[in-house]
Amino acid sequence: MKNVGYAHLHQHLALGVLPPRCPARVRPVTRLMWLEEELAVPPERAPSDDDVLSHLLFALKHEGVDLAILAETLPHLPVETLVAALEASPNGIYLRRVACLYESFVELLPLEPSVKGSAVPLFDPERYLTGPARRNSRWRVDVNGLGTLQYCPVVRRTPEIEALLREDILAEARAFMASLPPGMLDRAIQWAYLSETQSSFEIERESPSPDKQHRFMQLLRKAHDGQPLDEEYLVALQNSVVSNPFDKAGAFRHEQNYLHNGLPGAIGVSYLPPPPGLCETLMEALMGWANRLPEGQGGSSVERVPALVAATVISFGFVFLHPFMDGNGRISRFLLHHTLCRLGELPRGNLLPISIAMKRHEGDYLAALEAFSTLAREQWRVNWIDADHHEFHFEGSENLYRYWDATQAVAFTLRMAREALREDLKAETRYLACFDRVYRAIDTRFDVRGSDLSRLVMMCLSHDGVLSKNRRKQFRYQVPEEVLDAIEAEARKALVDEEQGEPAGP
């Protein structure tokens, strides 16, 4: 079985980056065919093993853009081979892309381009989600990735992502929030802030103290301030989410961090982010791209990155870089909200509690993280010294961390945003409407202390319109039996009407 394109280059040159997601391989077929996990290539279409340029051109034409493999391969491409090809075909769109990347990753080519015609995009907008373009004038190539050539995740336009983007969950969220009466919206958003906070801590397997919970809720409210990302701001965020004074950072980390899965020895190290120097460089690139995103709903649709896509790239990119020794997970989820707010996607003060859905689908969350982290771990050699010490040797290339595939992460975030809106926020407003209806009905007919009535209505609605025997016994000297019966009756009617889609008014 012979590899072609990116798979051949990855294997033949022993590149220290992740292998292609769907390798191209020679198969007994008569035409190029995408199979479930590979691209089948007819034998006569396969370049010869020692022709690096032909494999690059094949890959760019048929497999798309894999910047990590391209950045690692181009130093192995003889400059005279590329110059000769450009002189023979100066307007070739794939050759121009190779030349643009060669000059970005290796060195300036010893010739003056004679390019004619329109500029070409580096990433095909029909295959990838793209961002604001920066034109390379020498080769007339528009560098339009979700980042720069120093740091650039990619997101493929899968059928799932295309369908989710068409639903425009954020527009639906804005319309829903605008439809609620002010009092109802205020209470629903209060619930959203509390639930987002609790879920974010639960994902970390942590039960926050009331003080830590309050501080994180206050932090979430500051997401609307539109603060640009820089080291000082992120350090302040880290200090606000970490309570141990010895874990508070003064800057991005200066030592190697790692994640542990609880197993003994080297096998217990489940992920290693980039070494400190590279981490700082890539954080600067990630923050710079985030800060250049156009704010608000304006701008052309070509240049505008869908807000949930941008938020995912920033959030997951942050957690993969892990710039602090502690607090990275909570900050990464805060950055989802920070990005949505900074891009003007939610009215000031409003929040979509995405972490609730993430907590409910922790397996999918872990899978989205491990799509990168598990393979990245294989590029490290870890020696276990004792219970508190390891030796870490990075044997891969820094391009591993510069260019990663964010497709699975974006699909996950889009699904979680939809679920948070439709199954959590909307459900909470329906519950609040039922609560108001039952409370008003009972308060009009009976004289019951407000705090007792509130608790009884909440308990009754939470148990399908039934007050347990223990609850009845608990309140037997405070609330008459006929009132308890009436609460149950009103709660059942409200729940039935809500299920049938009828208004929850009195």
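**Exercise 1. Which residues is His338 in contact with, leaving aside its neighbours within four places in sequence?**

Before solving this, a word on the model. It is predicted, so local features need pLDDT of at least 70 and side-chain atom pairs count only at pLDDT 80 or more, while totals for chains, interfaces and linings use all residues. Residues are numbered from 1 along each chain as its sequence is written, and side-chain values use heavy atoms, with hydrogens and water left out.

*Solution.*
- Step 1: Find His338 in helix α13, residues 328-342. Helices (H or I, at least four residues) and strands (E, at least two) are DSSP runs, numbered from the N terminus.
- Step 2: Look for contacts, meaning heavy atoms within 4.5 Å. Outside those sequence neighbours, His338 is in contact with Ala223, Gln227, Leu229 and Tyr233.
- Step 3: Check the burial. His338 counts as buried because its relative accessibility is 2%; buried means under 20% relative accessible area, exposed over 50%, and partly exposed in between (1.4 Å probe, protein chains only).

**Exercise 2. Work out where Pro90 sits and what it touches.**

*Solution.*
- Step 1: Go to the loop between α4 (79-88) and α5 (93-105), where Pro90 is placed.
- Step 2: Classify Pro90: its relative accessibility is 22%, so it counts as partly exposed.
- Step 3: List the partners. Not counting residues up to four places away in sequence, Pro90 touches Arg96, Ser114 and Val115.
- Step 4: Take Val115 from that list. Its C-alpha atom is separated by 5.9 Å from that of Pro90, although the two are 25 residues apart along the chain.

**Exercise 3. Describe the surroundings of Cys152.**

*Solution.*
- Step 1: Locate Cys152 in the loop between β7 and α6 (159-167).
- Step 2: Cys152 is buried because its relative accessible area is 1%.
- Step 3: Beyond four places in sequence, the contacts of Cys152 include Leu67, Phe123, Arg402, Tyr403 and Trp404.
- Step 4: For a longer step along the chain, try Glu284, which is 132 residues from Cys152; their C-alpha atoms are separated by 12 Å.

**Exercise 4. Trace two sets of paired strands.**

*Solution.*
- Step 1: Start with the open sheet, where 3 strands stand in the order β5-β7-β6 with mixed pairing. Its edge strands are β5 (120-121) and β6 (134-136), each pairing on one side only.
- Step 2: Two strands pair if DSSP finds at least two bridges between them. Here 2 bridges join β5 to β7 (residues 141-143), and these strands run parallel. Pro121 stands opposite Asp142 in β7.
- Step 3: Move to β10 (residues 380-386) and β11 (residues 389-394), which run antiparallel and are joined by 6 bridges. They form a hairpin with 2 residues between them, and Val382 stands opposite Phe392 in β11.

**Exercise 5. Put the whole chain together.**

*Solution.*
- Step 1: Count the elements: the protein has 20 helices and 11 strands.
- Step 2: Divide the chain. The assignment gives domain 1 (5-149), domain 2 (159-427) and domain 3 (445-500); such bounds come from an automatic or database domain assignment. The C-alpha centres of domain 1 and domain 3 lie 68 Å apart.
- Step 3: Add the overall extent: the C-alpha atoms fill a box of roughly 95 × 55 × 45 Å, taken along the principal axes.
- Step 4: Finish with burial and contacts. Of the 506 residues, 52% are buried. Among contacts between residues at least 6 apart in sequence, 68% join residues at least 24 apart.
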